Amino acid sequence: MTFVKRALCFLLFLLGLAGLLVGLSFVFAPKNNMSEFGMEEVSANGILGEKENTIDVLVLGDSESYSSITPMQIWKETGYTAYVCGTSGQPLSYTTIMLHRAFERQSPKIVILETNTIYREVSKSNARIAKLANYFSIFQYHDRWKDLSWHDFVGKTKFTWTDTYKGYRYSAEIDPSTRGDYMQHTESVARIPPENVQYVKEIQEFCRQNNAELLLVSTPSSVNWNYARHNGIKVLAEEIGCQYIDMNLMNEQVKIDWSKDTRDRGDHVNHSGAVKVTHFLSQFLRETGLLTDHRTDSEYAKWNDSLKIYQSVVGIIHTET
């Protein structure tokens with residue numbers, strides 16, 4: 001009898017703790033997705049302001065993702081809607097947070113994971129916070145206690161902002177790379193940390209459960225990429241059963257010119273490089289047959305408005321056909 005009482009008391013304690021965490025999560029979570037409301041990484045979290053279930057392609061990863069893939073070009077060429085939820089130095093622990101957060105309001109059919117993040121170390125503290133944050137946002141936003149207002153206690157959550165560029169970060173700067181031989185063939189396989197392999201497996205399983213295809217993509221980077229890393233991702237892709245595209249080995253298709261298509265000596269592509277990367281990706285997405293062209297759909301009229309603003313800054317998109 002004593003055991004039953006103790007078990008019951010422990011259960012009531014857990015229920016009370018869960019209730020407390022739910023309440024604190026409501027208070028501490030930003031009530032809007034703009035920086036003045038306490039939202040982190042506002043460009044990536046602009047996806048929260050998109051109309052529900054209107055995003056076809058979700059892009060995740062570190063700065064390689066938001067430098068290389070420009071959704072407004074995908075829209076112009078195919079009528080597919082894409083959003084880049086990439087962030088600087090994004091570890092896979094934060095990738096999972098962005099993945100779960102995006103799927104709360106969207107049902108993309110394709111999830112693209114830029115592979116540079118797969119080789120980033122995930123600290124134990126970040127891993128713990130990410131696991132807990134997927135259930136209780138208090139663990140993600142606990143630092144907001146200094147900025148809480150009365151609205152945080154009683155106000156409703158309403159995400160109103162989205163990024164015109166849909167997570168892409170435009171740069172026209174040119175700083176050439178001289179590392180033209182960075183993809184020399186080797187049989188060596190760059191080791192992926194076991195915990196990162198597990199993260200990718202969990203991402204793949206989450207996508208499967210939500211009827212989405214996971215696609216691993218290595219965008220061009222003469223600083224970050226090499227053949228050993230290519231081999232490592234290839235082995236992982238085969239193990240989990242998903243498709244892998246490495247544009248670093250597709251010079252004939254993507255045609256990156258490292259004398260003018262990079263903004264920082266080959267670390268990231270600039271806008272001219274992103275146009276080439278995205279054009280190739282648009283063609284690939286079209287060939288999957290999974291997505292629908294929305295350009296004439298009145299429900300997506302705001303995407304055409306965003307395209308006009310985008311083109312007023314970057315110019316008319318010219319691509320090879």
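What follows is a conversation in which a visitor asks for the reasons behind the words used to describe a predicted model.

Visitor: What makes up the protein, in helices and strands?

Guide: The predicted model has 13 helices and five strands. Of its 321 residues, 51% count as buried, and among contacts between residues at least 6 apart in sequence, 84% join residues at least 24 apart.

Visitor: In what order do the five strands of the open sheet stand?

Guide: The order is β2-β1-β3-β4-β5, and the pairing is parallel. Neighbouring strands of this sheet are turned by 20° against each other on average, with direction ignored.

Visitor: What makes β2 and β5 edge strands?

Guide: β2, residues 82-84, and β5, residues 243-246, are the edge strands, and each of them pairs on one side only.

Visitor: How do you know that β1 and β2 count as a pair?

Guide: Two strands pair if there are at least two bridges between them; β1 and β2 run parallel and are joined by three bridges, so they meet that condition. Within this pairing, L58 stands opposite Y83 in β2.

Visitor: How many bridges link the other neighbours, beginning with β1 and β3?

Guide: Strand β1, residues 57-60, pairs with β3 in the parallel sense over four bridges, and L60 has L113 in β3 as its bridge partner. Further along, β3 and β4 run parallel and are joined by five bridges, with V111 standing opposite L214 in β4. Finally, β4 and β5 pair in the parallel sense over four bridges, and V217 has I245 in β5 as its bridge partner.

Visitor: Which way do the residues of β1 point, and are they buried or exposed?

Guide: V57 and V59 point one way from β1, while L58 and L60 point the other way, and all of them are buried.

Visitor: Why is β4 called mostly covered?

Guide: The description rests on a count, since five of the six residues of β4 are buried, where buried means under 20% relative accessible area.

Visitor: Which helix packs on the sheet, touching β3 and β4?

Guide: Helix α9, residues 194-209, packs there, touching β3 and β4, and its direction makes about 140° with that of β4, which spans residues 213-218.

Visitor: Why is α4 called oblique to α13?

Guide: Helix α4, residues 71-78, and helix α13, residues 301-314, pack at an angle of about 120°, with their axes 10 Å apart. Angles of 65 to 115 degrees count as roughly perpendicular and those over 145 as roughly antiparallel; the angle here belongs to neither range, and therefore α4 is oblique to α13. The crossing in which α4 passes α13 is left-handed.

Visitor: Which residues of α4 and α13 meet?

Guide: From α4 come M72, W75 and K76, and these meet W303, N304, S306, L307, Y310 and Q311 in α13. By class, this contact has five nonpolar, three polar and one charged residues.

Visitor: How do you know that T117 is buried?

Guide: Buried means under 20% relative accessible area, and T117 has a value of 0%, so it is buried. T117 lies in the loop between β3, residues 110-114, and α6, residues 124-133. Leaving out residues up to four places away in sequence, T117 touches G61, D62, Q90, P91, L92, T95 and N196.

Visitor: Why does D56 count as buried?

Guide: Its relative accessibility is 10%, and because the limit for buried is under 20%, D56 counts as buried. D56 is found in the loop between α2, residues 42-45, and β1. Although D56 and A82 are 26 residues apart in sequence, they are 5.8 Å apart in space, C-alpha to C-alpha. Among the residues that D56 touches, not counting those up to four places away in sequence, are Y80, P108, L291 and H294.

Visitor: Why do N211 and R265 count as exposed?

Guide: Exposed means over 50% relative accessible area; N211 is at 70% and therefore counts as exposed, and R265, at 57%, counts as exposed as well. N211 is found in the loop between α9 and β4, whereas R265 lies in the loop between α11, residues 251-254, and α12, residues 271-288.

Visitor: What is noted about the phi of N211 and of R265?

Guide: Most residues other than glycine have a negative phi. N211 has a positive phi of about 60° although it is not a glycine, and R265, which is not a glycine either, also has a positive phi of about 60°.

Key. Residues are numbered from 1 along each chain as its sequence is written. This is a predicted model: local features need pLDDT of at least 70, side-chain atom pairs count only at pLDDT 80 or more; totals for chains, interfaces and linings use all residues. Side-chain values use heavy atoms; hydrogens and water are left out. Helices (H or I, at least four residues) and strands (E, at least two) are DSSP runs, numbered from the N terminus. Buried means under 20% relative accessible area, exposed over 50%, partly exposed in between (1.4 Å probe, protein chains only). Contact means heavy atoms within 4.5 Å. Axes are lines fitted to C-alpha atoms, for helices over the stretch in contact, and angles run from 0 to 180 degrees between N-to-C directions. Angles under 35 degrees count as roughly parallel, over 145 as roughly antiparallel, 65 to 115 as roughly perpendicular and the rest as oblique. A crossing is left-handed if the near helix is turned anticlockwise from the far one by less than a right angle, and right-handed if clockwise. Ala, Val, Leu, Ile, Met, Phe, Trp, Tyr, Cys and Pro count as nonpolar, Asp, Glu, Lys and Arg as charged, and the others, Gly among them, as polar.
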